[in-house]
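Dear colleague,

I am handing over the structure below, and I would be glad if you could look through it with the notes that follow beside you.

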Amino acid sequence: PFIKVNCAAIPGNLLESELFGFEKGAFTGASHSKPGRVERAQDGTLFLDEIAEIDHGLQAKLLQFLQDGRFSRIGEQEEMRVETRVICATSRDMEREIANGNFRADLFYRINVIRIRMPRLRDRREDVLLLADHFLSQFNERFERTAPPFSEGFVRALQSWNWPGNIREFENRIARYVILGDEDAQAPGSSAVRDTTVPVESVPDGSIPLKHIAKRAVRDMERNLILQVLQANHWNRRKAAEILKISYRALIYKIREAGLSSKRQAPTRNSSIDATPSTGKASKLISSPSNGRD
């Protein structure tokens, strides 16, 4: 078995019971015994993601388990023995965490047997094309698209970009390319991608209505995304609804709310679209994929 534990996502007071399990009656609400994830990883792999988030008390118990392979469930006196491979990951500088007193040095030296540093994407640009092809295939399948292979110019733009958001930003860029097409607009650093600022308005007392600005920004981005998907699919609204992962009825409502034409139109030289945002609640259309690591 491969058992993953996201140490950052589980509150500290619950993480111990998740790792080591508990016996019936060990605490209020423990109506039955439950094996922990350490126990479930017998003869397999225990993956502790973001291990630097574990508090000091639990670090001591984890260290004891790593030393002799023995542990006890919460509320149990007898010890169990488990044979498992342990892999740990973190996005923090562990030496700095130890110096700041946030992580036990003895636990660090116990887990630091084989260490692999994953450099940021900007430090391994030779991987850009390989990753781009991987994500292109993945998102073509997920969104049921047939986006064409990248041009040399688009690949150069991907390789030259600094990628401050690391692999997550890169992944989202490829997803946007698959959905919307148009390499010139989706290439990193293009004006179409950078120009996402929203005018800041203040009320008479000098304050800035953050909620109003955020709603307006989301509404504008939603409108632009719907328009681009419709145009990329020749105003086939059913296909656009499938790509945006919303119902056909919801898309029709949003088209009307945003003031977009509900008819397929060929762009003319003098035609224009009213860009005035309409009022109404904003809703998230596409969840950003995030399976990468910083």
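Along strand S1, which covers residues 2–6, the side chains alternate: Ile-3 and Val-5 are buried and point to one face, whereas Phe-2, Lys-4 and Asn-6 point to the other face and are not buried. Please keep in mind throughout that this is a predicted model. S1 runs parallel to strand S4 (residues 45–49), and five bridges join the two; within this pairing, Asn-6 stands opposite Asp-49 of S4.

Helix H6 shows a comparable division into sides, and its buried residues are Val-128, Leu-131, Ala-132, Phe-135, Leu-136, Phe-139 and Asn-140. Seen down the axis of H6, these buried residues fall within an arc of 160°, and they therefore line one face of the helix. The face of H6 that is turned away from the buried side carries Leu-130 and Glu-141, both of which are exposed. As for its length, the 15 residues of H6 should span 21 Å at 1.5 Å a residue, and this agrees with its end C-alpha atoms, which are 21 Å apart.

The loop between helix H5 (105–111) and helix H6 (128–142) is where Val-113 is placed. Together with Ile-114 and Ile-116, Val-113 forms a nonpolar patch on the surface, and the three have about 400 Å² of accessible area together. Val-113 itself has a relative accessible area of 67%, and it counts as exposed because that value is over 50%.

Turning to the salt bridges, the structure holds 13 of them. One joins Lys-61 to Glu-16, with the closest N and O atoms 2.9 Å apart; this pair links distant parts of the chain, since Lys-61 belongs to helix H3 (residues 56–68) and Glu-16 to helix H1 (residues 12–20), 45 residues apart. Glu-16 is partly exposed, its relative accessible area being 29%.

In another salt bridge the side chains of Arg-92 and Glu-97 meet at 3.2 Å, N to O. Which of these two partners is buried, and which is partly exposed? Glu-97 counts as buried, at 10% relative accessibility, while Arg-92 is partly exposed, with a relative accessible area of 36%.

A further salt bridge brings together the side chains of Glu-95 and Arg-115 (2.9 Å, N to O). Glu-95 lies in helix H4 (residues 94–99) and Arg-115 in the loop between H5 and H6, so the pair ties together parts that are 20 residues apart in sequence. Glu-95, with a relative accessible area of 36%, is partly exposed, and Arg-115 likewise counts as partly exposed at 37% relative accessibility. Elsewhere, Glu-18, Lys-34 and Arg-37 are joined into one network by salt bridges that share partners.

Finally, two backbone angles deserve a look. Asp-43, although it is not a glycine, has a positive phi of about 60°; Asp-43 lies in the loop between helix H2 (37–40) and S4, and at 62% relative accessibility it counts as exposed. Asn-166 is also a residue other than glycine with a positive phi, in this case near 55°. The place of Asn-166, however, is in helix H8 (residues 166–180), and with a relative accessible area of 2% Asn-166 is buried.

With kind regards

Definitions and conventions. Residues are numbered from 1 along each chain as its sequence is written. This is a predicted model: local features need pLDDT of at least 70, side-chain atom pairs count only at pLDDT 80 or more; totals for chains, interfaces and linings use all residues. Side-chain values use heavy atoms; hydrogens and water are left out. Patches are made of residues with over 30% relative accessible area and no salt bridge: like charges are joined within 9 Å, nonpolar side chains (Val, Leu, Ile, Met, Phe, Trp, Tyr) within 5 Å. Accessible areas come from the Shrake-Rupley method with a 1.4 Å probe; for residues, only the protein chains shown count as cover. A salt bridge is a side-chain nitrogen of Lys or Arg within 4 Å of a carboxyl oxygen of Asp or Glu. Helices (H or I, at least four residues) and strands (E, at least two) are DSSP runs, numbered from the N terminus. Buried means under 20% relative accessible area, exposed over 50%, partly exposed in between (1.4 Å probe, protein chains only). Two strands pair if DSSP finds at least two bridges between them. The expected span of a helix is 1.5 Å times one less than its number of residues. The arc is that of the directions from the helix axis to the C-beta atoms.
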